[in-house]
There are 2 protein chains.
Amino acid sequence: MADALNIPGMLSLAAGFTDNAVLPSELILEAMSALCDPTGSKECFQYGTNIGRFGLREEALRLLKTYPGEERLDLPLSQVAITNGSQQVLYLSAQVLCDEGDIVFVEDPSYFVLLEMLRGMNLRVLSIPRSESGAIDFEALETLFSELKVAGEWHRVKFIYLIGYFANPSSRSLSEEDKRRLGLLLRAQKRPIPVIEDAAYRNLYFDQAYPARSLLSLPEWAGLPVMYTGTFTKPFATGLKVGYAFSTSAEWMQNVLCVKGHQDFGTANFAQAILEHVLKADLYLTHLRRIRVHYKGKMEVLHRALVNSGLMEHGWSWSVPGGGLYLWLTGPDHVDTSLPSNFCKACLDEKVLYVPGDLCIAGGVRKNCVRLSFGALPESLLEEAAARFAAVALRFS
Amino acid sequence: MADALNIPGMLSLAAGFTDNAVLPSELILEAMSALCDPTGSKECFQYGTNIGRFGLREEALRLLKTYPGEERLDLPLSQVAITNGSQQVLYLSAQVLCDEGDIVFVEDPSYFVLLEMLRGMNLRVLSIPRSESGAIDFEALETLFSELKVAGEWHRVKFIYLIGYFANPSSRSLSEEDKRRLGLLLRAQKRPIPVIEDAAYRNLYFDQAYPARSLLSLPEWAGLPVMYTGTFTKPFATGLKVGYAFSTSAEWMQNVLCVKGHQDFGTANFAQAILEHVLKADLYLTHLRRIRVHYKGKMEVLHRALVNSGLMEHGWSWSVPGGGLYLWLTGPDHVDTSLPSNFCKACLDEKVLYVPGDLCIAGGVRKNCVRLSFGALPESLLEEAAARFAAVALRFS
């Protein structure tokens, strides 16, 4: 895909980049100027600590508490860590929780970088069953649990990976009801199964925050081991790459930090200081308000262009998301959009890129889905890219 | 140690921090202002690539070629990567090269963060034998190799970790003769053993560069798998945390980048762009020239204070380094400076911190060494810290 991007005239609906047009270079420069004050301590240019800046960890907690129902969250700051993007804590968690051959549950679809990582670690990945409505199919899930127990494999299940809000790639969120029921199901197990809730896109809603609390604040989850991950930089400036994680388990966090100590002994202090400055000056939420309108507009442009192309009349479907950066399209069953497919070759010929959906599905068991991102391209090019994609999709439908 | 640092009046000769007084905040602000130019592309605030910025990788190669005998180094840029400090590539290399129970060779003493990481990965660590003069004892090393072969353990040896220049903690450098002989010894093995040459302190010489070429440029090493690691930020601003690695092995680099893709899919593009700007404007070497004088002066202050304390007359010895940030002291055999020792407690009581040498020695087999850093403290406090340390050392000698 990196090679294809260099082809002149190629339009990418693939990469999960944000829009350069709304990157807050002024806010960053303003923060930098304050931090470079010659009367200051310059401490931000020096090593920080492995767990991350105290002030930034406080701000991470403060930001979380702005969501309805999370105000009373009470976590010690020793269980809040700053990481190299939220990606790093996914890697670290898999490292400390799993051995080769262990089992991880994910959603269908799930984040393809995580799936690739789990494959790279020789882990077995199972999808949480969903009903037609998109809700978790608890009956099927319990059956799956039972089958693993009968097969003597239950002890190999090491964690569950959920994407709570405007998921990559589906843009779907997990309802509070599903979260509660899952908590009850896990409470009923003899062995506590660690659960990661990835909230990378939670702040990137369009009109209103998704109305489900995180696992951290739900009473059904009290005492269960949860790692909640987020990022300051996806909605701000991805080039800074600063994520954060909250864990309800002191031990899990300690183990994660131990391996982080071996990897980098702390995320770049300087990038953390910039974000801390912006957050403390209350400029972060102002920035978010501005970009929400921007991304909503871009989503609508891509959505309308696809609707107008007639794709829906030819067996393609997708939901209109309430946040995030993606449209998740499902084509007719017989359509194959995988990397080696003729569909993919045709799109390359038309000079448009997308993410083949099978990369986002454990085992790649379905090949008729596509992730389209409206993050990077400006609106005029989004329309053109949608037209190119739709021309191919109609031909294959 | 982190707790001890919070004790009022505590002076730390322990941490490998650099000196805030010479952190280049003006250079960073100048770079930022250029990068934030509203007519610019803002691309530095966006995701970069997993391998790192093309321009910064070019600059890394250019910097290496400024050293005598390295001018003709010819490496494809696909084998040059940018990492989260040089630490990350040590972690990544150990991950891709080793399985639990494998064997790694290190120097005696070696970098304690690496030793801790290797222990954490359940690897076995063996020290390369040294003669009295400090040179590698090749006879003893060959004997060790033979013993491993006889014991059927040779296939478990997965890499050798060397610190080429002004090592942490010994401040020792590897002579070109030792490097050449080691190359010949490794060439003679049936199986190529990967070698990491850590050059984190190479740029931090005082008067002149250490006159040995890196393994990358020595003919005896041609065709052998080498990973050379360095950092842009230890000598510049540790808070930016940007390292680099050169590998003579395309496969090794590819495997490292694959795991890096799972950890963070690229080091913060923004910090890389700042460094690229500073390097391209030829301000980096100007900065280095300035701080070399600074650290040489601080080294001399610490050295003289210890000499004047009379430690050498009581069985303590150390070499005067030609670069780096550390003095490596060896006390009388009976002295125990380890963390649980009375010596260590006495230093805490005197409010001075050091790194116990046994942490830097595989297996902790000698306890009479100490690492003192002259990086962070201003000169006046260096003298006071040295006096406190010497008072304890004299008492225990």
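The largest cavity of this predicted model encloses about 110 Å³ of space, where a cavity is a set of points, on a 1 Å grid over the protein atoms alone, at which a 1.4 Å probe fits but cannot get out, and a volume is the space filled by probe spheres set on the points, which are joined across faces, edges and corners. Its lining (residues with an atom within 4 Å of a point) is made up of 14 residues, and A:Asn84, A:Thr267, A:Ala268, B:Asn84 and B:Ala268 are the closest to its centre. Eight of the lining residues are nonpolar, four polar and two charged, with Ala, Val, Leu, Ile, Met, Phe, Trp, Tyr, Cys and Pro counted as nonpolar, Asp, Glu, Lys and Arg as charged, and the others, Gly among them, as polar. In total, the structure holds six cavities of 30 Å³ or more.

The second largest cavity contains about 70 Å³ of space, and among its 13 lining residues A:Leu63, A:Tyr67, A:Asn203, A:Tyr228 and A:Tyr244 lie nearest its centre. This lining divides into nine nonpolar residues, three polar and one charged.

In chain B, B:Arg292 touches B:Tyr67, B:Asn203, B:Tyr205 and B:Phe206, when residues up to four places away in sequence are not counted (contact means heavy atoms within 4.5 Å).

Residues are numbered from 1 along each chain as its sequence is written, while chains are lettered from A and ligands numbered from 1 in the order in which they are written. Local features need pLDDT of at least 70 and side-chain atom pairs count only at pLDDT 80 or more, whereas totals for chains, interfaces and linings use all residues, and side-chain values use heavy atoms, with hydrogens and water left out.

Technical notes
On a 1 Å grid over the protein atoms alone, a cavity is a set of points where a 1.4 Å probe fits but cannot get out, and a pocket is an open set with protein on both sides within 12 Å along at least five of seven lines; lining residues have an atom within 4 Å of a point.
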